[in-house]
Amino acid sequence: MVRDQRHATGGREAVDQIWRFASQWYGRHADLDWEKWSAQEAAELFQRHSLSGPIWTLSQTQERF
């Protein structure tokens with residue numbers, strides 16, 4: 001397999017780790033009172049699920065996502 005060296009690869013986390021994270025990340029999207037995550041909330045959630053590295057690094061912004 002030849003990799004395109006111009007593009008960095010993303011994170012490589014275990015499926016069960018991402019499943020637990022995604023369950024919490026998306027778990028309330030259908031709730032009427034759901035709001036997008038703040039950058040601080042997202043960073044805390046990444047840390048709680050041991051997600052680190054460049055792909056999981058956020059700039060501190062006031063935007064929600």
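A nonpolar core, as I use the term here, is a set of buried Ala, Val, Leu, Ile, Met, Phe, Trp, Tyr and Cys residues joined through side-chain atoms within 4.5 Å.

**Entry 1, the core.** Working from a predicted model, I looked up the largest nonpolar core and found that it has eight residues in all, namely Phe21, Trp25, Trp37, Ala42, Leu45, Phe46, Leu51 and Trp56. The elements that give two or more residues to this core are α1 and α2, and the largest share, three residues, comes from α2.

**Entry 2, the aromatic pairs.** I then turned to the rings, and noted that the structure holds six aromatic pairs. For Phe21 and Trp56 I read a distance of 5.6 Å between the ring centres and an angle of 80 degrees between the planes, so I entered this pair as edge-to-face. Phe21 sits in helix α1 (residues 15–26) and Trp56 in the segment after α2 (39–48), so that the pair links distant parts of the chain, 35 residues apart.

**Entry 3, a second partner for Trp56.** The rings of Phe46 and Trp56 have their centres 5.0 Å apart and their planes at 70 degrees, and because an angle over 60 counts as edge-to-face, I gave this pair that label. Phe46 belongs to helix α2 and Trp56 to the segment after α2, so the pair ties together parts that are 10 residues apart in sequence.

**Entry 4, burial.** I checked the accessible areas next: Phe46 is buried at a relative accessible area of 7%, and Trp56 is buried at 17%. Phe21 is buried as well.

**Entry 5, the cluster.** Finally I followed the ring pairs from residue to residue, and they link Phe21, Trp25, Trp37, Phe46 and Trp56 into a cluster.

Methods
Residues numbered from 1 in each chain as written. Heavy atoms only, no water. Phe/Tyr/Trp six-rings, centres within 6.5 Å; stacked < 30°, edge-to-face > 60°. Helix = DSSP H or I, 4+ residues; strand = E, 2+ residues; numbered from the N terminus. Buried < 20%, exposed > 50% of the residue type's maximum accessible area, 1.4 Å probe, protein only.
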